[in-house]
Every structure is written in C-alpha cells, then in structure tokens.
Amino acid sequence: MPKSRIMLDVLKGEAHFPPPLWMMRQAGRYLPEYRETRRRAGSFLDLCYDPDLAVEVTLQPIERFGFDASILFSDILVVPHALGRDVRFEEGRGPLLTPVSVAEIMALESDVFHVNLEPVYETVRRLRAKLPDETTLIGFCGAPWTVATYMIAGHGTPDQAPARLFAYREPAAFQHLLKVLADQSAAYLIRQIEAGADVVQIFDSWSGVLDDATFDQFCVWPVAEMVRQVRAVHPDVPIIGFPKGAGARYRTYRQKTGVTGLGIDWTVPLAAAKDLQRSGAVQGNLDPLRLVAGGKALSDGVEAILKALGDGPLIFNLGHGITPETPIAHVEAMVKQVRSATR
C-alpha cells in the first residue's frame, strides 16, 4: 500500500496531525450533483447496482472536498436483497422489506449471492482505478444485528422492538439468521477487498437498543466472527467497527470483536474517547447537527475533538452520517478548519 494513504497509517496506530478526514454518507442528498445522478438512476437500488452511476456519486465528494478516504456508494440492505429478499426504497418512508418468517430464515438462498452483488464488486474495481492514489478506498457492510432488524420488522423502527421480540421468542431461528448474515457479509467484505478496497467498515447502527446479554450475543459475537473470517483471508486489511450507541460497551466491543479501528458516535464523551484511543485508532465523532448549524457551534465542536484526540491515532469524521439539509459551505468550513489546524 502506498504510504501516502495516511488513513492506513492511522489505523496502524500512528498519530497524524492534522488527522485524515472523511464523512459518513459523504456521497448523498446534500450535494446537488448527487441529486441529479439519483434522478437519472430511477430507483435507489438501480443507483447502487449501476457501476457507472455508483462510481460517479462515490467520486463526487472526493472531487469537491478532497477527502482522505472514499467510501463505496451502496447500502447495507443489498445483502438481504442478494439473499433473495425483496427490498425497495420509497421517498419519505425509507427502506421497506417483506418481514422474514422463521421458515424463510431457514431457507435463505445464498447460491447466487455473489452473482447478485457482482455490480458492487465492479464498482469497487473501477473506483480503485479512478481514485487519486493517496485516497483510501473503504468498503463496507451492515452488521448482522442491524441488517436483521430490517429483515424482521420490514422497516426501521424507533427501538427495533420487532427484532428484539422475535429474538426472545424464536432464539434458534434468530441465531441462525445472524449466522447466515455473518457468513455472507464476511464473504461480501472479502470480495470487496479483492476488488480493491483498502479498509472495510461494519456499520451496527442499532447496537444501542440492546441490553448486556443481547449486546454480546447479537452485536459482538457476529462481528467477531466476521472479523475472524476476513482476517483468515486478508490478515493485514484494517477493519473499522461502528457500533452506534454502544456507550459504555465500546471498550468491550473492541476487545471482543478485534476490530482495528473504532467508530464512535457523538454522544461518547471526549475523555472516554481518549481512553479508547489508547487501544487503537478512533474515528469520529462530531455531532452531525453541529455541521448543519455551522458557525461557532461547528468550529467549537471541531476544535474540541482535535484538542482532545489530535495527539493520538484519529480519523476525523462525524458521529453519524451527514444529514441532507447540511449546507455545503459548512462542510467546506469544517474541512478547512481540520486541514489548517496546528498544535
């Protein structure tokens, strides 16, 4: 790997100042060029599965802001879609699926999984060829727990109660679903790495709704299994885990899963983030609404993170994805402040 990809150095435990910078959902609706490409694509899934258009939108924020990393444009729900489940996206409602039954869990089809995802692998291959050499390419997938919550409820819910109830009532079927998702998602990440991804990230957006026992069973164990499988094939490729809302369990998550880097949400106190940083790189954790607000709220938030975490291995990012209403000028201001920072 070229040494100029500083995000890779940080994931090895090195401190760089200013730190490398990218944003979750950096290719998205806050950009007018994205909205135009999305209009041409037709449906959201068509955009995900069209390598020409997926490459186009992935590159848009790199061309605008020169971020240090580019993340594949796709969605966590391409995995259940590739397993034969119906997935659709409706304006104003988000993703919709037909809730999976116990019988359907036991009969999930994986024979054509990689065939269905070949357009994604082609996108990764093209991205690595088109990106600046110094730009890290990130592949990703959803964590089994988070993907399972959508498969069971058929849509997002405030606290994922349908999935939690299903897991309590049908423990054998639920554990089987997590195992299938862990195995297939690990294989998906391995294929992304083979296509050119430098780093992979596992998004567990709903880890914060679990209690101690279920956090270990549903969040930690499946990701640890994925890490084991990916490392068996690609031992040197960094893996970032992002268990949003994990709170006091972030340390346990890192220790038990073995992830290289730890994505932290904006509710994590900076003192706690500094403590986590002693065990390896952290990524985050600016409140996305500070970026919407701009001005002093934004500059104070950026400054606090750089002051608290800038001496250690830090990847500057938001504590969750950028929101569609974010002004582009505020992103430009954030990038300028991070890039021009001095100790």
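How many bridges join strand β8 to β9, and do they run parallel or antiparallel? Select residues 282–286 for β8 in this predicted model, then add β9. Five bridges join the two strands, and they run parallel. To pick out one of these pairings, show Q283, whose bridge partner in β9 is I315.

Stay on β9, residues 314–318, and look at its surroundings. Five of its five residues are buried, so the strand is largely enclosed by the rest of the structure. Now turn on the side chains. In a regular strand, side chains alternate between the two faces of the sheet. Here L314, F316 and L318 point one way from β9, while I315 and N317 point the other way. Both sets are buried.

Next, select T136, which lies in strand β4, residues 136–142. Is T136 buried or exposed? With a relative accessibility of 0%, T136 counts as buried. Leaving aside neighbours within four places in sequence, the residues in contact with T136 include R5, M7, L8, D68, A69 and S70. R128, D198 and V199 are also among its contacts.

Finish with two helices: α9, residues 144–153, and α11, residues 171–195. They pack at an angle of about 120°, and their axes are 9 Å apart. That angle makes α9 oblique to α11. The crossing of α9 past α11 is right-handed. To see the contact, show P144, W145, V147, A148, M151 and I152 on α9, together with F174, L177, L178, L181 and A182 on α11. Of these contact residues, eleven are nonpolar, with no polar and no charged ones.

How values were computed:
Residues are numbered from 1 along each chain as its sequence is written. This is a predicted model: local features need pLDDT of at least 70, side-chain atom pairs count only at pLDDT 80 or more; totals for chains, interfaces and linings use all residues. Side-chain values use heavy atoms; hydrogens and water are left out. Axes are lines fitted to C-alpha atoms, for helices over the stretch in contact, and angles run from 0 to 180 degrees between N-to-C directions. Helices (H or I, at least four residues) and strands (E, at least two) are DSSP runs, numbered from the N terminus. Angles under 35 degrees count as roughly parallel, over 145 as roughly antiparallel, 65 to 115 as roughly perpendicular and the rest as oblique. A crossing is left-handed if the near helix is turned anticlockwise from the far one by less than a right angle, and right-handed if clockwise. Contact means heavy atoms within 4.5 Å. Ala, Val, Leu, Ile, Met, Phe, Trp, Tyr, Cys and Pro count as nonpolar, Asp, Glu, Lys and Arg as charged, and the others, Gly among them, as polar. Buried means under 20% relative accessible area, exposed over 50%, partly exposed in between (1.4 Å probe, protein chains only). Two strands pair if DSSP finds at least two bridges between them.
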